[in-house]
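Here is a short report on two topics: cysteines and a helix pair. Look at the model first, then read on.

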Amino acid sequence: MTSKQSQIKGSIAALAVNIIFGFSFLFSKVALSYAHPLVILAVRFTVAFGVLNILWLFGVVKMNFKGKPKKRLLMMSLAQPLLYFIFELYGIDNTSSAMSGIIISLVPIAVIILSTIFLKERPTKMQIIFSCISLVAIVVMSILSDNGVKSKVWGIVLLAGATLCASIFNILSRSSAKDYSPFERTYIMFLVGTVGFNAIALATLRGKFATELISASSSIEFWGAILYLSVVSSIIAFMLYNYSTGLISPVRSASFSNLITIVSVLAGILILGEPMMSLPEIICCVLIISGVLGVNR
C-alpha cells in the first residue's frame, strides 16, 4: 500500500467514525428515556464485549498478546472508554450545552499539542489555522444553542478531563499501532469498559441497577438503541478509529471529530423533528467542514 493510499484509507475511516459518533447522540437519547446513563454504559459495553468474543471464538479474527508491551495499551483503555465516558457524563450534567460543546471541541487542539510533545509529529501552520477555524465555529454554534443552564466549576473541570482523555487515547492508539492490530486494541478497550462500567453502575445504583435493567429490557426501542451503541458506535467505530490512527497523523484523525457536531444536529432535525438550523448555525457548519478539509488538504 502506497503512502497516498494509506492516507486516503485512514481519512475515510476517520470520517466514517465521526459520522457514526454523530448519530450516537440520537440513539443515546432514545436509550436514556428508558434507563439511567450508567445502566446504558454497562449494558452497551457488555454487549459489545460479548460480540467481540463471539468473533474471536469463531475464528473471524485472531489475537496475540504474547511478548508485547501491555502498559501503554492499558493506559489507552483507561483513558478511553472508561475515564472519558465518566468525565463526559457528569461534566455535561453540570454544565450548559454551550460550555460542554466548547470544551469537548478542544480535543483536536489538545491532540496537536500532545502529538508535538510525545510523537514529534509537528502539524503545519496551515493545519493549526484550519483547526482553529473549526474550533471557533464550534464555539459560536455552541453559544447559539445554549440552553441557559449555569455551568458549575466542577463540571468544567470534568469536561476538561474528558478532553484530555480523548487526546491521550488518540496519541496512545497511534503509538500502539505498531504492536497491536485494531481488533486487539479495541478488545482490550472493551474488556476494561465492561468491567469498569458494570462495577461503577453496581456500586452507584445498587439495587436500582437490576430494577432499571429489567424495566428497560421490555422495550424493543431500548435494545435497538443499545445495538447501535454497542455494535456500530462502539465496535465498528472504535475499530475504524484504531485503524485510522495507524495510517494518518493524530492531528488529521482528530480533526474529523469536529464533524460530530454537524452530524448530531442534522440527525436531530431529520429524524427527531427538531427545529431547523438558523443562518448563523449554517454558516458555522460550513466553517467547520472547511476547517476539517483544510487540515487534511
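Buried means under 20% relative accessible area, exposed means over 50%, and partly exposed lies in between (1.4 Å probe, protein chains only). This is a predicted model: local features need pLDDT of at least 70, side-chain atom pairs count only at pLDDT 80 or more, and totals for chains, interfaces and linings use all residues. Residues are numbered from 1 along each chain as its sequence is written, and side-chain values use heavy atoms, without hydrogens and water.

**Cysteines**

A disulfide is a pair of cysteine sulfur atoms within 2.5 Å. By this rule the model has 0 disulfides. Two cysteines illustrate this.

| Cysteine | Nearest cysteine sulfur | Relative accessibility |
|---|---|---|
| Cysteine 284 | cysteine 285, 7.1 Å | 4% |
| Cysteine 285 | cysteine 284, 7.1 Å | 6% |

Cysteine 284 counts as buried. Cysteine 285 is buried too.

**Helix pair**

Two packed helices are described by the angle and the distance between their axes. Helices (H or I, at least four residues) are DSSP runs, numbered from the N terminus. Axes are lines fitted to C-alpha atoms over the stretch in contact, and angles run from 0 to 180 degrees between N-to-C directions.

H2 spans residues 37-57 and H3 spans residues 71-93. Their axes come within 11 Å and cross at roughly 155 degrees. H2 and H3 are therefore roughly antiparallel (angles over 145 degrees). Their crossing is right-handed, meaning that the near helix is turned clockwise from the far one by less than a right angle.

Contact means heavy atoms within 4.5 Å. On the H2 side, Pro37, Leu38, Leu41, Arg44 and Phe45 take part. They meet Pro81, Phe85, Ile86, Leu89 and Tyr90 in H3.

Technical notes: Helices (H or I, at least four residues) and strands (E, at least two) are DSSP runs, numbered from the N terminus. Angles under 35 degrees count as roughly parallel, over 145 as roughly antiparallel, 65 to 115 as roughly perpendicular and the rest as oblique.
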